Each structure stands twice: as structure tokens, then as C-alpha cells.
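Visitor: I'd like to go through this one with you and keep asking how you know what you say. Shall we put it on the screen?

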Amino acid sequence: MQSEIRIVMEDPPADIAALFTAHRLDLVRFAFLLVGDQETAEDVVQDAFTAVHRRWRRLADHDRLLPYLRTSVLNGCRAVHRRRAVARRLRVDKEVPFWSAEDQVLLGETRREVFAAVSGLSRRQREAVVLRYYLHLSEAETAAVMGVSCGTVKSTVSRALRALAVKLEEGR
Amino acid sequence: MINRIEQRLQDAFTAGAELVRPETLRPADAVPRPRRRRILAPAMAALVVVALIGLGIEDGPDTPPPVSTAAGGPRFLLTAGSDGLAVRDARTGKITDRVVLPPALPPEEIPEAVPSGYLLTGTGYGTTFFVGQSMMSRTTPKNITWFHRLRVDDHGKVAELTKDVFFAAFGDRVTSIAVSSDGTRLAYSQDHKLCGTDMDSCPGARIVVTELSGRYTRTWTSKGFGNIWSLSWAADHRTLAFAVKSEIRAFDTAAFEATLRTSRVVVRDVATPTGVAISPDARTILVGRASSSSDRRSSIEEHAVANGRRIRTVYSTNTAARWTLVRYDVSGRHLLIKDTVHPLTRLDGNRTTTLSPADSLLATW
């Protein structure tokens, strides 16, 4: 009986390890697009996996871990932006550059224009377009990750696309 | 129009996300605790520093090892040898791709130019490398060195070769190059035996730091300083280490009144040229040492930058050889080393891996 209990207790780390191996890179890239630097993105994703590990026994549906992780990463990115905003107000931290100079060269002018336009969107609009056009989530999946309704996602994305169209077409 | 915007978004997000490359992620078995940067953090850090200074602790009671046995590190490296430039697997040394540089077209100021070799440097990630391609005149002591950037894909194949990413170095021979870990800042050294509009002979040495943007170039020249070797950057992108005459020096390139002559001497009585590498945290320097030919030993010693104190021997051989290469990866936990006798070797803690035959003269990751 004791050994059975131990095995049950050991199951979550094994599952999380597989999840970590399979999805860590994608989640870091997702966070990177929202926070702009890799080190912070890795921290956010590590936090998300730690949260899953800690709450493993309280998680009702272990088949829906990936959406849970995405939400956790999204919340982590929001927390990063909040901390940066406070630090900027108190002038104890400098703005994190979204791309290094080398990255800028690699991305090219056209893509940099897109990122500059995206950075001008509201926080919710940025999140919505990254979820829709990087992770290719449906409106329903995007809504679940963001914790809003499908209608909100639809209108948010629509407004974001209109704003981007204006900015990017102006630049031509 | 919306469809076009959607396509541009997808394209930009895909390209942006791919800037995070799998090999640049922290090793999964060594992920540190997340940094909780609170507002009070700077004050707490200052208190800790004050406390440590008060206790007289400089390097800590047990300086962490510069290299680790943990798996990971750069996946690829670039080598130059008698068979040309090659990208190799950084764990096995197996060639994954050959590199063919575009033909160089020397300017008229370099009459009867002939190729005079390569210099290699990399960001330490094992994916982005820089090649200094030099040509020299057969009739005048004039040289030119172009700097090209090379990126490899996940399979070690050349994915991008960009010519002239930094301004070419003209005049005297370039003796050493080093690029910062973000690939934006290149430092190179020149013997500086040529000067003036007529390129007359002048004794001295020169270090040039130039940025990828082309907007920033700074030059330090010192007469009678001796040839400079083995440039390496710390992760702060401002501290350079190098060997000159019999000294290993650390140089703050961002300091307002910095000069080569006033740069900090970290280690003395070193036979140069030799391999030198400053750690990413700029706390320690690895120095290749060759003992006298009678006891036939050579070693790589670790010294504290703050006071030059020798910390330990990182690696040693029973051969009286000269170290030609000592190079950290971006994490500072893996080393690439080579001497004049042994083949290129990778050092992960106590584990050594021979990576290529001895005819690979230069290497970087």
C-alpha cells in the first residue's frame, strides 16, 4: 500500500516532465512575443510549470493542462508588464528593449514595422492577436485562455486588425 | 486588407518567435529560481554588498566552478583549418556543413592582394558566428579584413551568410577579434604599425570596437604597447580582456577616460601569445600557461579579475605546448580549448571531448 501511494505521488512529476519537454519551447516563444526578452519569458514559463506542479492534485482535468499552462503564462506576462510599469514610474528600472540590434537585422524592416505597430496596441489587443495569429487558437480557445467571452475576443481582434491596418498602411 | 494584415502578423510572429532558438534555452536540469524583481530588490542588494564588504569577502568563500558537467551548451561550432571553414557538431566534432565565403574583392589600395587567413568569433550560443576574412598586399604592408556573419539552422547547416556586417578593417593586420554575446558589438585588435595618410610605420597597438548599427566606432591606440592577442568580451558588453606582452589585462571600453595603458593588469609574467577568456560575469579570467620546457607541462589557470589572485587550475597537460584557444560559451559553463599540440577539445567540468583533428587551427562557438 505504501508503495502504491508513492507511485501515485510520483505520477505528476513524470507527466509534467513530459509536458515540459513537449511544450516548453512553444510557451517560451509565446511569452517572448508578449514580454520581449527571452530570460523573462523563460522565468514566466518556469513559474507556470511550477504552479501546475504545486496544484497538481487540485487540478480537475489533467487532459486540459496545456490551456491551463497558456493561461498561466499569459497571467505571468501580465504580471511582468505590471512590475515594469511600476518600476518605470519609480524610475528604478529601464524599459526592456523588445529586440536586440542583431534580432532587428534578422527580422527585417517589414516585420519590425509589424512589431512596432503591435506594440502600440492595448494590452488585451496584443494578447488576442498573439494567441490568434501565433498560436493559431480559435476564438473559443483564445477566450478560454484570456478569461473573456468569445464576443470580446472577436471584437478585440477586429479592432486590433483595424488599428494595425491603419498604422501599417500609413507607413507605406 | 485585413487578410493581408493577418498574413503579415502570422509571418512576423513566426519569425519573431524563432529568435528563441531551442539551443539557447537554459538547460532543463539547471533552471534557476525565477527572479522576483521587486522595488526593494536594489536596496536589499546594496545591503548585502555592504555586508559582504564589511566582512571582507571579495570572491566568496567558494568561487563557483567556471565549467560544468551539465548537459547542454552550444550545439555547433565553427572551425577553420587546412580544409577550409566548417560547421561542426559541438558534441561530436562531426562536420555538419562546409562554409564557402564569397570571393573577396580587394580595393585598389591593396595592390596584388592575396588571401591571408581567417579569424573566427561567435556569440557563444553556437548558432551565430563571425568570420574575419583578410587579404594582404604582396608589395606593400597593407591589409584589409572584412567581417561576415554566419548563422546555422537546427541541423548545423548554414542558413544565412551576410557579408560585411561590420565596417572592414583597413591598414595593418588584424590579430584578434571578439564579438559580444548579442552579436552587436565587435572588437578587433591591430598591431598598428601603419599610420598617417601615407600609412607610414608607427609602433604601437590598437583596439577598435564597432557596432552592428554602424553608428558607433571607438578606437584606442597606444604607442609601444606591444601586440594584442586573444580578445574576449564579458557579458556586460563593455569589459574586454586581452593579452599583451607578458600581461593579461581587463579593459572597460565604456569608461570615459579609458586608455589601453591604464587598463587593469590582472595577471603578469605570462608568455604571449596565449589563450585568454574572461568569464561572462567578468569576475574571473582563464589564462593559458606554458611552464618551462624542462618540466613539460602546460595548464589553464583561473584568476580573479579583482585582484589577480590565482584561484585554481582548470585544465593541465603533460606537454610543453602553447595555448592558442580558450573560449567560454555564453553561459560560462562550457569551454573550448586548443593548444599547439593537441586537437580541439571541449571541456565540461572534468569531462573532456576531442572534437576535431589537430589540423583545425581556429574554432569558435
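Guide: Let's start with a cut-off: a residue is buried if 20 or more other C-beta atoms lie within 10 Å of its own, and exposed if 12 or fewer do. Keep in mind, too, that we're looking at a predicted model.

Visitor: Okay, then why is Gln133(B) called buried?

Guide: Count its neighbours: 21 other C-beta atoms sit within 10 Å of Gln133(B). The cut-off is 20 or more, so Gln133(B) counts as buried.

Visitor: Where is Gln133(B), and which residues does it touch?

Guide: Gln133(B) belongs to strand S5 of chain B. Leaving out residues up to four places away in sequence, it touches Leu101(B), Ala104(B), Tyr118(B), Thr145(B), Trp146(B) and His148(B). As for Leu120(B), 13 residues apart from Gln133(B) along the chain, the two C-alpha atoms are separated by 8.9 Å.

Visitor: What makes S5(B) and S6(B) a pair?

Guide: Pairing takes at least two bridges between two strands. Strand S5 (residues 128-137) and strand S6 (residues 143-152) of chain B are joined by nine, so they pair, and they run antiparallel. One of the matches is Met135(B) with its bridge partner Ile144(B) in S6(B).

Visitor: Which sheet do they sit in, and what makes a strand there an edge strand?

Guide: They're in an open sheet of four strands, ordered S4-S5-S6-S7 in chain B, with antiparallel pairing. Strand S4 (113-122) and strand S7 (158-171) are its edge strands, since each pairs on one side only. From one strand to the next, the twist averages 20 degrees.

Visitor: What holds paired strands together in general?

Guide: Strands of a sheet pair through backbone hydrogen bonds, in either a parallel or an antiparallel way.

Visitor: Back to chain B: which strands make up the open sheet that contains S12(B)?

Guide: That sheet has four strands in the order S8-S9-S12-S13, with antiparallel pairing. Its edges are strand S8 (174-179) and strand S13 (217-222) of chain B, each pairing on one side only. Here the twist from strand to strand averages 15 degrees.

Visitor: How do you know that S12(B) pairs with S9(B) and with S13(B)?

Guide: Use the cut-off of at least two bridges again. Strand S9 (residues 185-190) and S12(B) pair over six bridges, in the antiparallel sense, and Ala187(B) stands opposite Val209(B) in S12(B). Strand S12 (residues 205-211) is also joined to S13(B) by six bridges, again antiparallel. Among the matches there, Val208(B) has Thr219(B) as its bridge partner, and Thr210(B) has Thr217(B).

Visitor: And why is S12(B) called mostly covered?

Guide: Six of the seven residues of S12(B) are buried, each having 20 or more other C-beta atoms within 10 Å, so "mostly covered" it is.

Visitor: Which residues touch the most other members of the largest nonpolar core?

Guide: That core has 71 residues, and the ones touching the most other members are Ala187(B), Phe242(B), Ile248(B), Val276(B), Ile285(B) and Val326(B). Take Val326(B): beyond four places in sequence, its contacts include Gly275(B), Val276(B), Leu286(B), Ile300(B) and Ile337(B). Apart from that core lies another, of 43 residues, including Leu33(A), Val118(A), Val130(A) and Met146(A).

Visitor: What is chain A made of?

Guide: Eight helices and zero strands. Of its 172 residues, 33% count as buried.

Visitor: Which residues of H5(A) are buried, and why do we say they line one face?

Guide: In helix H5 (residues 109-119) of chain A, they are Arg111(A), Val114(A), Phe115(A), Ala117(A) and Val118(A). Looking down the axis of H5(A), the buried residues fall within an arc of 160 degrees, so they line one face of the helix. The face turned away from that side carries the exposed Glu109(A) and Ser119(A).

Visitor: Where in chain B is confidence lowest, and where is it highest?

Guide: Helix H2 (residues 41-54) of chain B is lowest, with a mean pLDDT of 41, while strand S18 (residues 276-278) is highest, at 96. Over residues 30-66 of chain B, pLDDT stays under 50. The mean for chain B is 81, and 81% of its residues reach 70 or more. For the complex, the predictor gives an ipTM of 0.84 and a pTM of 0.57.

How values were computed: Residues are numbered from 1 along each chain as its sequence is written. Chains are lettered from A and ligands numbered from 1 in the order in which they are written. This is a predicted model: local features need pLDDT of at least 70, side-chain atom pairs count only at pLDDT 80 or more; totals for chains, interfaces and linings use all residues. Helices (H or I, at least four residues) and strands (E, at least two) are DSSP runs, numbered from the N terminus. A nonpolar core is a set of buried Ala, Val, Leu, Ile, Met, Phe, Trp, Tyr and Cys residues joined through C-beta atoms within 7 Å. Two residues are in contact if their C-beta atoms, placed from the backbone, lie within 7 Å. The arc is that of the directions from the helix axis to the C-beta atoms. Axes are lines fitted to C-alpha atoms, for helices over the stretch in contact, and angles run from 0 to 180 degrees between N-to-C directions. pLDDT is the predictor's confidence in each residue, from 0 to 100.
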